[in-house]
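Hi,

Here is the structure I promised to pass on. Please have it open while you read the notes underneath.

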Amino acid sequence: MEKISANDLRKRFLGYFEKNGHQIVPSDSLVPESDPTLLFTGAGMNQFKDQFLGTNITYTRAATCQKCLRIGDLDVVGTTAAHHTFFEMLGNFSFGDYFKEGAIEFAWKFFVDELRIPEERLFVSIFEDDDEAFEIWTKKVGVPAAKVFRSSAKDNFWPSNAITKGPNGPCGPCSEIYFDTQRAELDREIPGFPKGAFHPDNRRYVEVWNLVFTGYNRSGPVPGAGVLEPLPSQNIDTGMGFERLLAVLNGHWSNFYTEVFTPIISKIADLSGRGPNQVKYVGEGGKKLDPWEYDTPDGTRMRRIADHARAATFCLADGVRPGKVGREYVLRKIIRRAVRDGIDLGLEEPFLGELVPTIAKIMKEPYKEIAQQENIIRNRLKAEEEQFRRTIQKGLPVVRDFFSLYLAKSGEEAVRDDDGNLETPAATVPAAEVYKLYETHGIPFDFQKDLAEQEFGLALDDDEWKKFLASRKGEKTTKADVFAEGPFDHLRRKEPPTEFEGYHRTRIRTQILGAFWDERIPCLRKWNDAANNSWNVNPENEFDDGSGYGGGISSGMGSDDGSGWGGPEFLVGPLKEVFKSRVVAVLLRKSPFYAEGGGEVGDVGTLRAKDFEAEVLDTQKVDDYFLHVCRVEKGQLRVGSEIEASVDEKRRAAITRNHTATHILHNVIRGHDPEARQAGSLVRDDLLRFDVEIFDREKLPSIDRIEREVNEVILGNHEVEWSVGSKDDAEAKGVIMFFGEKYGDEVRTVRIRDAHDQTVSAELCGGCHVSATGDIGSFRILSMSAIGANVIRVTAVTGEAAVESFQRDREILAQLQSEFKATNVEEVLPKLRKLAEEAKTQRKEIEKLRSDVASGSVSAGGAGDVFEHHGVKIVTRIMDEDAAKDLGSIADNMRDANAPAMVMLGAKTSKGKATLVLSISPELVQHKNLDASKLIESAATLIGGRGGGKKGFAQAGGKDADKLEAALNAFRAAVKQLKLP
């Protein structure tokens, strides 16, 4: 069997299908742009959702090598031969073209004729009721019937068990191709089958290709006995694990033996001191690392690190950043698991970033974005690892202390076997306690679990932890259906994508193609409560097209949650007419409204006809369709009618100024640090916000310098032009593009040229811009601050907003000049400095006075008296206003300095009221039965208030500060009447 390199395998696969009439489609980003149901691209078919649903059919055959990421098997990565987080999937697809026979023949000929895999080593599984597939395999392809295994809907139907368990939607049987590794030691005895016989559960046979025949639409109860109806357009979706096929072709029984992994593992081995002398090597010249050592934990750790390092590298290259929610949290979790393994390997310094050059070298041909971003990815991994190591260093001692106390409290001892493995734990730590340690100190569950078991003999329950997390997050366990349809999907099957004409015109005549409400579309969901759409749709308003939506209400009407919507499952379908005050999403044939994207907010404006007007509240985009969120202000919105669409021109002009200024700002910062990268942006009409990732803070210019350099470009009144061309040409010309963004074959470049025809800035951008930089007017930074370990946020304004900002500052300076009676603004600063120094000196003097008073070393000023009664010192004093807030602590200190003593202090507060405190030594309370809360009552009455407290300390407040001396006199007189034997 022919051995093959990774790059050659990709080329052979794509070349084979290209010569068989397939469109070769580039890999989609790991971040699905238009499918909110997915965190990551997990299969080759994800980017073809529209084609599978019958829309956007520009080709009927396609083939890809798709970057994928799945975390469902995260816990077993490194312990098996073929489980990964990041992997590549080879696939061919048919949209209403060939079906079962074509898919089967293409697959068999690729294996047998193209790759020269011996037929005797290939086996097949099919869905148990799929006689058609059986006939094709046995009679047309010629596979012996004994080598075709019939399997249940759990294993050979997509989605798994969809017939009885759902979801509703497109589905179908599948057929899998298996390769016989001929490794007898992997044979698993299957009941009813002789040892070594083919069975999908026998590890000796490796599944290499899955052919899905999407030929049915499932309907009916979920779960329940669903109905399968043939689809009018039958589709093919195949998926083949690239790493698994590479291993098979090169005679490896583990993916980790292949060239896409071994250099990474070799690097890990070298970094951890487990190089050629410590780790087993095999192959020619003894140079090929064998990472597959089941019995050594270090082997598992190195395999897991290699997998996770690849996943993290590709996520970062596609624009994902480590964070606390969603895909950002997944990335952080993957990185931290790898760091944990590195720590266990003894790697004391950050190491993940050191693996990036190796990964970039392996992947430089198919995925050049890794090499192009090599330094920035290294820096991001290093920063995240350093942060996590600091968290571990600070939090682990606290966790150890907690487990030590918990073990002592349990009163039990753990039972271990002869090898030291935990058999019976001393106790199980509740998930709620584990979560507190994670939330407060940042120590992940995995770290806590290992520490608890290995050092303390305590158990942490994985299932309880997962349930606890799910309950806190309110997670649903049901899997999102990638083919879930709604009113929007129905409309876009009928109507073409929106033609955008807003670059040159802000007012056009156009036609309303459709109106609908679908709460499942994220950009519409936020208008739920604001819309308050209490829909009451008449049957006459329904489409008679069999869509099942028809403008009716799906469920939930009548709930009393105050929203007017009837619960979270409420949605409205396509509508023919929309009446006043209703809010809906509107599709236009042509639109001047820019749909939010690239950081730029969507346009607002109006739709008008003779007897109709609607306010456009927002414009968003799903794929190439612009959704205009409109509220009807007058008349009725009618689908099919001609209208005038007008953008709010003043708002648009402000947005264009801010957007072009963002490009200039980006270019200025990169002029000081070419490795600085945009980490996010927001372009509104009132401000721009630009986040930049920069790892060397010393290269970041000052606010003054950035402002000066940006304004120099603005004053140059340079031409701003945009053009459309191929992505490859733009990249070759050095145009800035953002990896992780989804670009088509044709891209739009926004370029700023100076008077000498030199490029000032060039970026791929679909947003709206000024014609010349002078149109921006002026640029001013409002703030510049760190929002993350290596991310700086710049908030700025342009044009009128910048002028208003300057004017506000001038007004403030004028007020200060008047306040300080300065002859000019320049005199204000010295006066402020002098005032600040005087205030600083006074604060020091006040603090010293308070300290001295509190220690009893000085009189606090004001009237006072000290006398002795039956051996007890009685201290009464009126304090200065500055001491009022510390009156209680001063009284306690005086009491202790004169014990046994009774101390009553009074003061006038800053608000002109009176306050009193009375502090009595504990021995007087205990042995003389004195009660401060009762003794203070008469004094409190005199100052127009009342008091209360405990026997040893009481306080009172009143409105009459002039009566403080009288209150103290009354207290002295009352004390002299006390009998203190």
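Below is what I found, going from the cores to one helix, one buried threonine and a small sheet. Please keep in mind that this is a predicted model.

**The cores**

The largest nonpolar core has 113 residues. Within this core, F111, W137, W209, L352 and F403 touch the most other members. The biggest contribution comes from helix α9, residues 297–317, which supplies 10 residues. If you would like one residue to start from, try L352: leaving aside residues up to four places away in sequence, L352 touches I305, A309, I335, A338, V339, L381 and E385. There is also a second, separate core of 28 residues, and its members include F867, A939, A956 and A967.

**Helix α15**

Helix α15 covers residues 445–456, which makes 12 residues. From first C-alpha to last, α15 reaches 15 Å, close to the 16 Å expected at 1.5 Å a residue. Which residues of α15 are buried? They are F445, F447, Q448, K449, L451, A452 and F456, so you will see Q448 and K449 listed alongside the phenylalanines. Right after the helix comes G457, which has a positive phi, near 70 degrees.

**T876**

T876 sits in strand β33, residues 872–879. Is T876 buried or exposed? T876 is buried, because its relative accessible area is 0% and the cut-off for buried is under 20%. The side chain of T876 also has a partner: a polar contact of 2.4 Å joins it to the side chain of R972.

**A three-stranded sheet**

An open sheet of 3 strands runs in the order β27-β28-β29, and the pairing is antiparallel. β27 (719–726) and β29 (759–764) are the edge strands. Each of these two has a single partner strand, so one side of each has no neighbour in the sheet. From one strand to the next, the twist averages 20 degrees.

For a closer look at the pairing, take β27 and β28, the latter being residues 746–753: they pair in the antiparallel sense over 8 bridges. To find your place along this pair, look for S723, which stands opposite T749 in β28. Helix α20, residues 649–672, lies across β27, β28 and β29. The angle between α20 and β29 is about 110 degrees.

Happy to go through any of this with you at the screen.

Best wishes

Conventions
Residues numbered from 1 in each chain as written. Predicted model: local features only at pLDDT ≥ 70, side-chain atom pairs only at ≥ 80, totals over all residues. Heavy atoms only, no water. Core = buried A, V, L, I, M, F, W, Y, C linked by side-chain atoms within 4.5 Å. Buried < 20%, exposed > 50% of the residue type's maximum accessible area, 1.4 Å probe, protein only. Helix = DSSP H or I, 4+ residues; strand = E, 2+ residues; numbered from the N terminus. Contact = heavy atoms within 4.5 Å. Expected span 1.5 Å × (residues − 1). Polar contact = N/O pair within 3.5 Å; in protein donor to acceptor, adjacent residues only side chain to side chain. Pairing = 2+ DSSP bridges. Axes fitted to C-alpha atoms, helices over the stretch in contact; angles between N-to-C directions.
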